[in-house]
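Here are a few short exercises to work through with the model open beside you. Try each task before reading its solution.

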Protein chains: 2
Amino acid sequence: MSTVQDTTPSGIDAAVAAAHAAADTMATASAGTRAALLRGLADALEGERGTLVPLADEETHLGPARLNGELDRTCFQLRGFAHQVLTGVPFAATDDAAVAGAPPAGRPRLTRVRVPVGPVAMFSASNFPFAFSVLGGDTAAALAAGCPVVVKAHPGHPALSRATAALASRVVSAQGLPAGVFAMVEGASVDVGVQLVRHPQIEAVAFTGSVRGGVALWKEANARPRPIPFYGELGSINPVVALPAAVAQHGTTLATTLAGSIALGCGQFCTSPGVLVVRDDDMSQAFVQQVGEALAAATPHAMLHPGIRSGFDAGVQRVQSHAGVRTLVAPPHGEGAPKGRLFATDAATFIADHALREEVFGPACLVVTVRSIEETVAVLRAVEGSLTVTLWGADDDTADNRTLVREAERIAGRVLFGGVPTGVAVTAAQQHGGPWPSSTQPFTTSVGYAAMDRFLRPVALQDAPQWLVDSSGLV
Amino acid sequence: MSTVQDTTPSGIDAAVAAAHAAADTMATASAGTRAALLRGLADALEGERGTLVPLADEETHLGPARLNGELDRTCFQLRGFAHQVLTGVPFAATDDAAVAGAPPAGRPRLTRVRVPVGPVAMFSASNFPFAFSVLGGDTAAALAAGCPVVVKAHPGHPALSRATAALASRVVSAQGLPAGVFAMVEGASVDVGVQLVRHPQIEAVAFTGSVRGGVALWKEANARPRPIPFYGELGSINPVVALPAAVAQHGTTLATTLAGSIALGCGQFCTSPGVLVVRDDDMSQAFVQQVGEALAAATPHAMLHPGIRSGFDAGVQRVQSHAGVRTLVAPPHGEGAPKGRLFATDAATFIADHALREEVFGPACLVVTVRSIEETVAVLRAVEGSLTVTLWGADDDTADNRTLVREAERIAGRVLFGGVPTGVAVTAAQQHGGPWPSSTQPFTTSVGYAAMDRFLRPVALQDAPQWLVDSSGLV
């Protein structure tokens, strides 16, 4: 396996300085130029699929099927952002004509445009070596918005990161753009990331990873002499509420579907369902039994790296040893790929102990049995912040369902009425970011085309000359 | 003068608890209900103008002309937000139809809605007793967005604040809304504000005031177990760049206009021009002379309160005693209303000393003479963050003007090509918020209709039942 060597402080300086030097070129790059870059990156990724996917598999153990699919997704979103740029999204302006007369009704002409913030530091994730890594969604969104990107490679897949970065630099060069449009730094220690976030010429940070790592870097961003936006997409426990209506109608199918979602990617998704909320009736408890059987039969692949595996084992141990928790599915401990785990508790225990609401990153789920809608609400409120909440069986317009929808919206960025939370579509309507601690900036998304908004700061031009209005204020 | 008594901790708890209890009602209130509330507040303010304006004048010394105009503006923006609500702005959704097939192209239906965050703590400003106070822009924006408001009154105008709050509560009650939709707390110490920001049921904070006070509360918001958005609109020095082209054509008029803007409201505006950047040619220096004469002739009214006055005197002293600063206009020190001050320095001195770039809240301006466009750029970069930058004489499409526009956009939320920065129109295109330290969240605005965005968090509904989509997800 390839080893990671920390980029030197002067190497980080050089990368950011080059990004800073390229910022004006990127900010004023036409839609055509930006789209060509994004499409060129997608084409190059596809062109090098034959070397990149095996490299990724060697470093992540995610398997060629998943990795090919993830590469497809990465190209899809690069091209999707290119399309957004060509339809003018980042260049859109609000133009309010002047109104004659005294204020408050009288006013000058005001044209609201959005200007690219400049160099973005992008922290790759371990669990998506393509889609949330070097040329993943954050990079695509930043380039679409007109911002150079300095990627902090994830130490879990250094060779793949280097190969992807080299590909990106070739595309940037072939398109005649300044080299500083894209750069990558690496490091296994926290120092490299901290230096990057502290760098005075970095203007925003996009991060996907753990709550602990994300909050530490968020504090660094806030502690700068000039704080900058830190868009952290952190951990999440993604409650799934299986209401009796759904269990009665589709219980068997849902049990298989849910177990598949828990085990998918060995549970290494920020949207992995970590909590299942069911009622205390016989049918719901039989459903839990079915989920357990399906999960016991699942054979997840190996985890990304030993650190994640030991974190999973520790999390399982924490839940398993809890006096108020019963173990439903617990395969013998062993080396290699972990098997799925299912635990059970009641609402009061879940609500009373914060430790039960911490993410266990891996194929584990805690069943919380509730006796009423009120207890369901209390369980959701205890979760506080989550990327998703899934409500199965809430399709009818009833008072109870409205209550549940309201509570789900209160704590989540995405509320599902069917399907499973794993799998995050790239669309304009997507919202991948929920209340703290699932995100540091829950008003923004890290997936979907609204992700560009994180890097476009509004500016109102007052009585601007027409040539400037015509260029959307970008000169 | 009315004295301020700190609201007790249990009083603050009760206010926030009532706001929390009213949150669902407000979140699901129809456009008609919200608009009626906003219009009812505007009507009541106008109805009580005869008592409110004299009360405001007694506490702020701003004079009836200004205060009547400010009350007009406050009503205008309440009604403007009502209109925005009626046209559906806070209820707008992005609806992406499902696409059959496998991901990444295949996808579920996703409907992106925005949900009101819940109780908003709103910190009134001293310098706008109506427009940025109890029923000012932040309150209007929060109510329009469907959020209850807990106002922290500014201790500079307690009697006016109480009268306005009483009026608001009467309107809320008359419209059959829960009392918790609006509440006010007060306190002269920082404790009340800190307790409010720390309260677990407060979901966002809007603040207008000093850098010191704002940053302290921003830190409190970030130090909560669950941090919340802190929208702070802080101090700003608002550079005005008078290019030779403008000075040659309109020098005399601009000098009068600028002096009027510096002295307006006794300089107690966040958009007051604190820096004038001019070239080293004779014409520009003669223009500075004209500005000085006009400023010396201006007769500002008294300052808001003795604390602001002593702050102004200290700021003036700091600039005046600087070895690299010449004093152009310095009336003798005296009691009562201060007179305008004009100082001068060169680019290198301005750039070298951070103290010269700190806001002097009051009628003072520092002239910075530059020898080139490059020095102008360097001066703007040294400013770092400002609510506004004004560029007089940058109307032609030249390379130099493009450079200046780019630099102005980099540091400001609003760039003016004519007029003066004081006076902030309430429109959809307005952006009142610039890079740090002028705002804590420069991607948002505290004036104009986009101010609602601060209180509406996006949520994606996946495969939502049609009744929920039809209600914009607000149930």
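A reminder before starting: this is a predicted model.

**Exercise 1. Check the length of a helix**

Task: Work out whether the end-to-end distance of helix 1 of chain B agrees with its number of residues.

Solution:
- Begin with the residue range: helix 1 of chain B covers residues 9–27, which is 19 residues.
- At 1.5 Å a residue, counted over one less than the number of residues, the expected span is 27 Å.
- The end C-alpha atoms of the helix lie 27 Å apart, so expectation and model agree.
- Now look along the axis: helix 1 of chain B has a kink of about 35°, centred on B:A21.

**Exercise 2. Find what buries the helix**

Task: List residues of helix 1 of chain B that are buried, then identify elements that cover them.

Solution:
- Use the burial cut-off of 20 or more other C-beta atoms within 10 Å.
- Among the residues that pass are B:I12, B:A15, B:V16, B:A19, B:A22, B:A23 and B:M26.
- A useful rule here: an α-helix has 3.6 residues a turn, so residues three or four places apart point the same way.
- Within chain B, the cover includes strand 2 (110–116), strand 4 (149–152), strand 5 (182–185) and helix 7 (190–198).
- Chain A takes part as well, since the cover includes its helix 14 (399–411).

**Exercise 3. Read the sheet**

Task: In which order do the five strands of the open sheet in chain B run, and which of them stand at the edges?

Solution:
- The order is 5-4-3-6-7, with parallel pairing.
- Strand 5 and strand 7 (230–233) of chain B are at the edges; each has a single partner strand, so one side of each lacks a neighbour in the sheet.
- From one strand to the next, the twist averages 15°.
- For one pair in detail, strand 3 (residues 120–123) and strand 4 of chain B are joined in the parallel sense by four bridges, and B:V120 has B:V149 of strand 4 as its bridge partner.
- Helix 1 of chain B packs on this sheet, touching strand 4 and strand 5, and its direction makes about 165° with that of strand 5.

**Exercise 4. Describe the interface**

Task: How many residues does each chain bring to the contact, and which element of chain A gives the most?

Solution:
- Chain A and chain B bring 60 residues each.
- On the side of chain A, strand 15 gives the most, with six residues.
- By type, that side divides into 30 nonpolar, 13 polar and 17 charged residues.
- Strands also pair across the chains: strand 14 of chain A and strand 15 (residues 456–462) of chain B share three bridges in the parallel sense.
- There, A:V415 stands opposite B:L461.

Technical notes
Residues are numbered from 1 along each chain as its sequence is written. Chains are lettered from A and ligands numbered from 1 in the order in which they are written. This is a predicted model: local features need pLDDT of at least 70, side-chain atom pairs count only at pLDDT 80 or more; totals for chains, interfaces and linings use all residues. Helices (H or I, at least four residues) and strands (E, at least two) are DSSP runs, numbered from the N terminus. The bend at a residue is the angle between axes fitted to the seven residues ending there and the seven starting there. A residue is buried if 20 or more other C-beta atoms lie within 10 Å of its own, exposed if 12 or fewer, and partly exposed in between; C-beta atoms are placed from the backbone. Two residues are in contact if their C-beta atoms, placed from the backbone, lie within 7 Å. Two strands pair if DSSP finds at least two bridges between them. Axes are lines fitted to C-alpha atoms, for helices over the stretch in contact, and angles run from 0 to 180 degrees between N-to-C directions. Ala, Val, Leu, Ile, Met, Phe, Trp, Tyr, Cys and Pro count as nonpolar, Asp, Glu, Lys and Arg as charged, and the others, Gly among them, as polar.
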